[in-house]
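Here are some notes for a first look at this one. Have the model open as you read, and take the points in order.

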Amino acid sequence: MNVLRELRKFKRKSVIAKLRILILLGVMLIVSTYAWFKYDWEPPNIGGIKVDFADWDVEYSIDNAEIKDEEITFAIDEFYPGMDEFTKNVVIRNKTPTDSSIILEVTSVKLFGEEIVDTLKTTDNITEREDEKGVTIFSTENYPFKAGYYWDKNEIGGIYVSDETTPDSTATVTIFANWSYTRTTATKSEADNDDLDTTYGMDAYKYYQDEGNDEPALLITIKLSTGRKGLAH
């Protein structure tokens, strides 16, 4: 009986020893894995593009005033046939060495108090320009006016220092709206445009006459963001 008792003790001690060894191996594995991630980790290579998770940053400004929000609403209050063209420049400056692509999206268009951005999209009235350097809003013949935006470049790189020394690190996006008044009716297209001037001109007049309308006649909201350019590996 004493021999059996001693054998049981030996087996119990053996199991405990094995558990201690397994725990020790587990701790060593965790430590070595942590060290690998901390010191030996390399950014993945996907399809020939080296993916780097470093931060990047840009600065937006209008009339030398920095913009904090990504979505910017442009208010065109004096909107009528024969109006002076509305233009506003958004200056974008790169703040890190990382190259960035500028991404713009029309998120809202309110005409005479009515949100119509979805209608414009489904009727092909928000379209990319032929030169691929901008977007036109009200791009079909169903509207007598035009709006939109265009840029001098949509990719910037290097840290901005000044317009003169680092021209590649800054870009300008121009937002515009115009409503040229056409009175000549020598051709059918000009006559149609004259009719549209009258129709929408009356809508503008009624909108301005209603004292309850406290919003500008045309509001365009554009979302500005930047994307990290892929670096060749």
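1. Let's start with a pair to find on screen: with which residue does lysine 153 form a salt bridge? The partner is aspartate 152, and the closest N and O atoms are 3.8 Å apart. Lysine 153 is partly exposed, at a relative accessible area of 24%. Aspartate 152 is also in the partly exposed class, with a value of 45%. Keep in mind throughout that this is a predicted model.

2. Now the overall picture. The chain has 233 residues, and 33% of them are buried. Its secondary structure comes to 3 helices and 15 strands. The accessible surface is about 15,400 Å², with carbon and sulfur atoms accounting for 53% of that.

3. Something to bear in mind when you trace the chain: take the contacts between residues at least 6 apart in sequence, and 66% of these join residues at least 24 apart. A couple of the salt bridges below show such links one pair at a time.

4. The structure holds 6 salt bridges. As a general reminder, side chains of opposite charge can pair when their charged atoms come close. One to look up is lysine 95 with glutamate 59, where the closest N and O atoms are 3.9 Å apart. This pair ties together distant parts of the chain, with the two positions 36 residues apart in sequence: lysine 95 sits in the loop between strand 6 (86-94) and strand 7 (100-111), while glutamate 59 belongs to strand 3.

5. Are the two ends of that bridge buried or exposed? Lysine 95 counts as partly exposed because its relative accessibility is 38%. Glutamate 59 has 18%, so it counts as buried. The story doesn't stop at two residues, either: Glu59, Arg93 and Lys95 are linked in a network of salt bridges.

6. Next, go to glutamate 215 and lysine 110, whose side chains meet in a salt bridge at 3.2 Å, N to O. Here too, distant parts of the chain are linked, and the two residues are 105 apart: glutamate 215 is in the loop between helix 3 (188-209) and strand 14 (218-228), and lysine 110 is in strand 7. Glutamate 215 is partly exposed at 31% relative accessibility, and lysine 110 is partly exposed at 23%.

7. For charge on the surface, where should you look? Asp69, Glu70, Glu71 and Glu105 gather there in a patch of negative charge. Glutamate 71 is a handy marker for finding the patch, since strand 5 (residues 71-76) is where this residue is placed. Its relative accessible area is 45%, so glutamate 71 is partly exposed.

8. Two backbone spots deserve a click. Asparagine 64 isn't a glycine, yet its phi is positive, at about 65°. You'll find asparagine 64 in the loop between strand 3 (58-62) and strand 4 (65-67). With a relative accessible area of 76%, asparagine 64 is exposed.

9. The other spot is aspartate 124. Which sign does its phi have, positive or negative? Positive, near 60°, and again in a residue other than glycine. The setting is the loop between helix 2 (117-122) and strand 9 (126-128). Aspartate 124 counts as exposed because its relative accessibility is 53%, and the cut-off for exposed is over 50%.

Note on methods:
Residues are numbered from 1 along each chain as its sequence is written. This is a predicted model: local features need pLDDT of at least 70, side-chain atom pairs count only at pLDDT 80 or more; totals for chains, interfaces and linings use all residues. Side-chain values use heavy atoms; hydrogens and water are left out. Patches are made of residues with over 30% relative accessible area and no salt bridge: like charges are joined within 9 Å, nonpolar side chains (Val, Leu, Ile, Met, Phe, Trp, Tyr) within 5 Å. Accessible areas come from the Shrake-Rupley method with a 1.4 Å probe; for residues, only the protein chains shown count as cover. A salt bridge is a side-chain nitrogen of Lys or Arg within 4 Å of a carboxyl oxygen of Asp or Glu. Lys and Arg count as positive and Asp and Glu as negative; His and the chain ends are not counted. The place of a charge is taken as NZ of Lys, CZ of Arg, CG of Asp or CD of Glu. Helices (H or I, at least four residues) and strands (E, at least two) are DSSP runs, numbered from the N terminus. Buried means under 20% relative accessible area, exposed over 50%, partly exposed in between (1.4 Å probe, protein chains only). Contact means heavy atoms within 4.5 Å.
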